[in-house]
Amino acid sequence: REEGRAHAAPEPRHPVVIEPIGSGTWRLGNGLLALECSEAGLLGLRDRDGHEHLSAPLALERYRDRGEFWDAWDLAADYRSHPLGVVSTGSLQWLEQGPLVAHLVLRRKIGASRMRLDLRLKADTPWLELICSINWRQTHELLRLDLPLASPAVRIAADTSGGVIERPAVPITPREKARWEVPVISWIASQSAAPGGGLAVLLDGPQGVDWSATRLGISLLRGPTWPDPSADQGWHRQRVALMPLSGSWSDAGVPQAA
């Protein structure tokens, strides 16, 4: 071996490919998934077989939320009836463009709060990272990430402290109907009967989630004022990842990926 010779890193098996497709829209892919994005956000997400997993763009949603029973712990059951809106600043900034990683930044205005949303796709990686950085100043409001599903789900799976629970995508029993949000630790995944098995969301910590046959939702931040008037106030950085599945969550190794 030649002394002092630099050893080149191996080439990725699934390099990132970036392509402008007009009107400020970009197509990104690495052979394991593909997506379209613009300053409006994430517009589409497909698995390695080309099946679409979003029926509409990924949505950041903001609602008025006064709590149901205890301000600090319970979401209002009717919070969806009180939307407040999230405003795009109309900018898309590229930080990296190359075969190893594509990294872009979007910015949003949420009342008096400001959010930076990073989208990052890496080579040889079957998920898209979303990094939400926000200086949260809202009170009695709820910030959520909603994923409209292209293929209706029949079951929803998520991890718990004792393993995994699979639930029907549509509540059936009175107990299921009464629980409009449940906590999960590190992942949630939809499972559909159609080709394109489902969509997994990988989390960087426990979050409240909800779902229907056509949607997955994650609660990111609230602004309760009792018993702590400063709850959730200040800087937050949350990482999630979207992992389209061509089969089941177990075959795709979603727990290991999370």
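These are my notebook entries on the largest pocket and the salt bridges of this structure, which is a predicted model.

**Entry 1, the pocket.** I looked up the largest pocket first and found that it holds about 360 Å³ of space. I then listed its lining, which comes to 22 residues, and noted that Ala 72, Trp 73, Leu 75, Glu 181 and Arg 222 lie nearest the centre. The elements that give two or more residues to this lining are strand E13 (182-184), strand E16 (207-212) and strand E17 (215-222), and E17 provides the largest share with 4 residues. Sorting the lining residues by character, I counted 13 as nonpolar, 3 as polar and 6 as charged.

**Entry 2, the salt bridges.** I searched the whole structure for salt bridges and recorded 18. One network of them links Arg 80, Arg 144, Asp 146, Glu 181, Asp 210 and Arg 215; I note that Glu 181 is also among the residues nearest the centre of the largest pocket.

**Entry 3, Glu 129 and its partners.** I found Glu 129 in a salt bridge with Arg 120 at 3.2 Å, N to O, and in another with Lys 122 at 3.6 Å, N to O. Glu 129 has a relative accessible area of 5% and is therefore buried, and Arg 120 at 18% is buried as well, whereas Lys 122 at 35% is partly exposed.

**Entry 4, Arg 27 and Glu 36.** I looked up this pair last: the two form a salt bridge whose closest N and O atoms are 3.3 Å apart. Arg 27 counts as partly exposed because its relative accessibility is 33%, while Glu 36, at 11%, counts as buried.

Terms used. Residues numbered from 1 in each chain as written. Predicted model: local features only at pLDDT ≥ 70, side-chain atom pairs only at ≥ 80, totals over all residues. Heavy atoms only, no water. 1 Å grid on protein atoms, 1.4 Å probe; cavity = no way out; pocket = protein on both sides within 12 Å on 5 of 7 lines; lining within 4 Å. Points joined across faces, edges and corners; volume = space filled by probe spheres on them. Nonpolar A, V, L, I, M, F, W, Y, C, P; charged D, E, K, R; others polar. Salt bridge = Lys/Arg side-chain N within 4 Å of Asp/Glu carboxyl O. Buried < 20%, exposed > 50% of the residue type's maximum accessible area, 1.4 Å probe, protein only.
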